[in-house]
Amino acid sequence: MRALSDRLAEDADSPGRSLWADARRRFLANRAAMTGLAMLVLVTLFALFGGTLAQWSNEELDYTVMGMVAEEGGPRLDNGHYFGTDELGRDLYARTVQGTQVSLLVGVVGALVAVSVGTLYGAVAGYAGGRVDNAMMRAVDVLMSIPYMFVLILILVMYGRSMTALFVGLGLISWLEMSRIVRGQTLSLKNREFIEAARATGVPAATIIRRHILPNLAGVIAVYATLLVPLMILTESFISFLGLGVQEPLTSLGALISEGAGTIAYGTIWQLGFPLLFFVLTLFGFFFVGDGLRDALDPKDR
């Protein structure tokens, strides 16, 4: 009897572990997630500080290799072309740094736009319910039936192939699935006791959504946002592959991969290999981190 009481007292004195602390522990114990996080850290450091090691700018031409790129434009340390040159004699290392920066920027900004719009739309629809919910979700169903790639290409053609149009286009066609996820989670939360208590005390609906519903959806939003970034990068890469993405003098990993694929027949495999390497590292990094967050925040595994 004394042993049981001592054990209960010891458990009472030990500090409790919150759900976020438990999720952090589970995430750190996930080897795939930590590998993906290491990949993202390396890619981010390369994008932020890789330019300090470049001996050539991304627009500077090396006239000594022009016309002989296949023979003289390979990766070398003595002339400063660490990744070789492209078909015009421009330093591929500097262009890969710039392409990584642009691809990460497109992925992160596009995901932020999509998550912001989808979260707000889904939370309002789920909390309002009734006819408002039905009307808002039917509008989402209609928009999801339209091919998103057609809409993105139409936006780029109508408003110009600029970075702003690309950000807006990617964000506005990617929030639909997010709104459905948030709406379903909001429906399961709005009848909980703490929401009913806030509603009974006269708290406005906008305040309830901002202070009570959205914080409880932070885990779901974080997981979906992490998985949405590589989708944005893939979409931008496909658009750049078609020639409708970022335009010169800017470049992206998708544009570099398109250029490398077009010249690989001449034996310039480095023009495809190095951009493709950072493209794969970025995508797998985000996928691994997203899967790790999903497993860490899954309540059924606690």
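Axes here are lines fitted to C-alpha atoms, for helices over the stretch in contact, and the angles between N-to-C directions run from 0 to 180 degrees. The exercises below concern a predicted model.

**Exercise 1.** Determine how α5 and helix α11 are oriented towards each other, and which residues make their contact.

*Solution.* Begin with the geometry: α5 and α11, the latter spanning residues 205–216, pack at an angle of about 115°, and their axes lie 11 Å apart. Since angles of 65 to 115 degrees count as roughly perpendicular, α5 is to be described as roughly perpendicular to α11. The handedness is the next step, and the crossing of α5 and α11 is right-handed. On the α5 side the contact is made by Thr119, Ala123, Val124 and Tyr127, while α11 contributes Ala205, Ile208, Ile209, Ile213 and Leu214. Sorted by character, the residues of this contact between α5 and α11 comprise eight nonpolar and one polar, with no charged residue.

**Exercise 2.** Carry out the corresponding analysis for helix α10 and α11.

*Solution.* Helix α10, residues 193–200, packs with α11 at an angle of about 175°, the axes being 11 Å apart. Because angles over 145 degrees count as roughly antiparallel, α10 and α11 are roughly antiparallel to each other. From α10, the residues Phe194, Ile195, Ala198 and Arg199 take part in the contact, and from α11 the residues Ile208, His212, Ile213 and Asn216. The contact of α10 with α11 consists of five nonpolar residues, two polar ones and one charged.

**Exercise 3.** Establish whether Thr235 is buried or exposed, and describe its surroundings.

*Solution.* First locate the residue: Thr235 belongs to helix α12, which covers residues 218–241. Its relative accessible area is 5%, and because buried means under 20%, Thr235 is classed as buried. A polar atom of the Thr235 side chain lies 2.8 Å from the backbone oxygen of Leu231. When neighbours within four places in sequence are set aside, Thr235 is in contact with Tyr148, Met149, Leu152 and Leu170.

**Exercise 4.** Assign Asn79 and Ser258 to their accessibility classes, and place each in the structure.

*Solution.* Asn79 is found in the loop between α4 (69–72) and α5 (92–128). With a relative accessible area of 19%, Asn79 is buried, and its side chain reaches the backbone nitrogen of His81 at 3.1 Å. Ser258, by contrast, sits in helix α13, residues 253–263, and its relative accessibility of 21% makes Ser258 partly exposed. As a last step, consider Leu244, which is 14 residues from Ser258 along the chain: the C-alpha atoms of these two residues are separated by 12 Å.

Terms used: Residues are numbered from 1 along each chain as its sequence is written. This is a predicted model: local features need pLDDT of at least 70, side-chain atom pairs count only at pLDDT 80 or more; totals for chains, interfaces and linings use all residues. Side-chain values use heavy atoms; hydrogens and water are left out. Helices (H or I, at least four residues) and strands (E, at least two) are DSSP runs, numbered from the N terminus. Buried means under 20% relative accessible area, exposed over 50%, partly exposed in between (1.4 Å probe, protein chains only). A polar contact is a pair of N or O atoms within 3.5 Å; within protein, one must be able to donate a hydrogen and the other to accept it, and residues adjacent in sequence count only if both atoms are side-chain atoms. Angles under 35 degrees count as roughly parallel, over 145 as roughly antiparallel, 65 to 115 as roughly perpendicular and the rest as oblique. A crossing is left-handed if the near helix is turned anticlockwise from the far one by less than a right angle, and right-handed if clockwise. Contact means heavy atoms within 4.5 Å. Ala, Val, Leu, Ile, Met, Phe, Trp, Tyr, Cys and Pro count as nonpolar, Asp, Glu, Lys and Arg as charged, and the others, Gly among them, as polar.
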